[in-house]
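Student: I would like to go through this structure with you one point at a time. Please start with the rule for the charged pairs.

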Amino acid sequence: MINKLALLSEQLGALSESYDKQRPLRELIEPYEAVLVQIDSIYLQLQQGVAVSKKLELAEALELYAENISQLVCLYRQFYQPHNVVTIAKRIVSLSSIPVLPDCFAHLYLTLLECFSSVHELNSWEFDLEPLSQQMLAFTEAGYQKTPQLWSEAYAWNLATLAFCITEHSRESLQRHYYQRSFSIFEQYNLTIPKIWQQEYLRFL
């Protein structure tokens with residue numbers, strides 16, 4: 001199993017060298033998906049065992065999972081595949097039900113939430129992201145309580161995304177609560193408030 005993980009790590013490293021955010025290649029989607037299938041298989045095998053010796057391997061598999069999906073979901077966003085962005089996010093939520101969420105998931109959750117903004121821009125009417133954003137909030141909030149500095153940006157994005165999903169006028173007070181909580185975290189940790197939230201920032205804070 002260790003050899004398989006090492007091989008997958010090398011494959012991801014090679015793909016990362018070919019990945020250019022400014023000039024992404026659609027051809028990279030398929031090999032990233034192929035690696036994900038292999039990591040999925042290994043992760044399921046490791047989950048079935050509880051031996052201490054497997055805990056390190058499980059941790060390494062989760063790190064590869066996070067690295068793979070972070071880059072794959074960016075490719076989905078860049079090549080206008082919002083359905084795949086949502087599908088990946090749902091997969092991560094189900095994967096996150098492990099006892100302790102690893103720190104590497106902080107960047108993964110942030111990447112997913114950043115990609116959600118594109119989902120809304122592309123065709124928001126097709127998606128109801130509120131339930132999914134609410135599920136994700138349980139994990140980003142837990143991460144924030146455990147390691148505030150590391151999870152602050154993902155948690156702030158999650159709160160703002162959840163607020164953005166609320167459109168009913170009758171729920172404006174709840175929307176305001178989420179936005180104000182989000183912006184207070186952005187400010188507390190000296191994080192730049194993304195352009196997508198600027199109008200709401202002026203309106204609610």
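Tutor: A salt bridge here is a side-chain nitrogen of Lys or Arg within 4 Å of a carboxyl oxygen of Asp or Glu. Keep in mind that this is a predicted model.

Student: By this rule, what does the count of salt bridges come to?

Tutor: The rule asks for a nitrogen and a carboxyl oxygen within 4 Å. One pair that meets it is Asp 103 and Lys 146, at 3.0 Å from N to O. By this rule the count comes to five.

Student: How many residues apart are Asp 103 and Lys 146?

Tutor: Their side chains meet in a salt bridge. Asp 103 sits in the loop between helix 4 (82-95) and helix 5 (104-123), whereas Lys 146 is in helix 6, so check the separation along the chain, which links distant parts. The two are apart by 43 residues.

Student: Is Asp 103 buried, partly exposed or exposed?

Tutor: Buried means under 20% relative accessible area and exposed means over 50%. Asp 103 has a relative accessible area of 35%, so the class is partly exposed.

Student: Which residue forms a salt bridge with Glu 130, and at what distance?

Tutor: Glu 130 lies in helix 6. The partner lies in the loop between helix 7 (148-165) and helix 8, so the pair ties together parts that are 41 residues apart in sequence. The partner is Arg 171, with the closest N and O atoms 2.6 Å apart.

Student: Why does Glu 130 count as buried, and what is the class of Arg 171?

Tutor: The limit for buried is under 20%. Glu 130 has 17% relative accessibility and therefore counts as buried. Arg 171 has a relative accessible area of 24%, so Arg 171 is partly exposed.

Student: Which residues does Glu 130 touch, not counting residues up to four places away in sequence?

Tutor: Arg 171, the salt-bridge partner of Glu 130, is on the contact list as well. The full list for Glu 130 is Leu 162, Cys 165, Ile 166 and Arg 171.

Student: What is the distance, N to O, in the salt bridge of Glu 172 and Arg 203?

Tutor: Glu 172 is in helix 8 and Arg 203 in helix 9 (residues 198-204), and the pair links distant parts of the chain, 31 residues apart. Glu 172 is partly exposed, because its relative accessible area is 21%. The side chains of Glu 172 and Arg 203 meet at 3.3 Å.

Student: Which residues are joined into one network by salt bridges that share partners?

Tutor: The bridge of Glu 130 with Arg 171 has already come up. Shared partners join the residues of the network, which are Glu 130, Glu 168 and Arg 171.

Student: At what angle do the axes of helix 6 and helix 8 cross, and is the crossing left-handed or right-handed?

Tutor: Helix 6 covers residues 130-146 and helix 8 covers residues 172-188. Their axes come within 15 Å and cross at roughly 35 degrees. The crossing is left-handed.

Student: How do the residues of the contact of helix 6 with helix 8 divide into nonpolar, polar and charged?

Tutor: From helix 6 come Gln 134, Leu 137 and Tyr 144. They meet Tyr 178, Arg 181, Ile 185 and Gln 188 in helix 8. The residues divide into four nonpolar, two polar and one charged.

Student: How many disulfides does a search of the whole structure find?

Tutor: A disulfide needs two cysteine sulfur atoms within 2.5 Å. The sulfur of Cys 74 is 4.6 Å from the closest cysteine sulfur, in Cys 115, so they are too far apart for a bond. Cys 74 is buried at 8% relative accessible area, and Cys 115 is buried at 1%. The number of disulfides found is zero.

Student: Is Tyr 179 buried or exposed, and which residues does Tyr 179 touch?

Tutor: Tyr 179 is found in helix 8. At 1% relative accessibility, Tyr 179 counts as buried. Leaving out residues up to four places away in sequence, Tyr 179 touches Ala 160, Ala 163, Phe 164, Trp 197, Glu 200 and Phe 204.

Student: Where is Tyr 80, and what is its phi?

Tutor: Tyr 80 is found in the loop between helix 3 (52-78) and helix 4. At 61% relative accessibility, Tyr 80 counts as exposed. Its phi is positive, in a residue other than glycine, and is near 55 degrees.

Definitions and conventions:
Residues are numbered from 1 along each chain as its sequence is written. This is a predicted model: local features need pLDDT of at least 70, side-chain atom pairs count only at pLDDT 80 or more; totals for chains, interfaces and linings use all residues. Side-chain values use heavy atoms; hydrogens and water are left out. Axes are lines fitted to C-alpha atoms, for helices over the stretch in contact, and angles run from 0 to 180 degrees between N-to-C directions. Helices (H or I, at least four residues) and strands (E, at least two) are DSSP runs, numbered from the N terminus. A crossing is left-handed if the near helix is turned anticlockwise from the far one by less than a right angle, and right-handed if clockwise. Contact means heavy atoms within 4.5 Å. Ala, Val, Leu, Ile, Met, Phe, Trp, Tyr, Cys and Pro count as nonpolar, Asp, Glu, Lys and Arg as charged, and the others, Gly among them, as polar. Buried means under 20% relative accessible area, exposed over 50%, partly exposed in between (1.4 Å probe, protein chains only).
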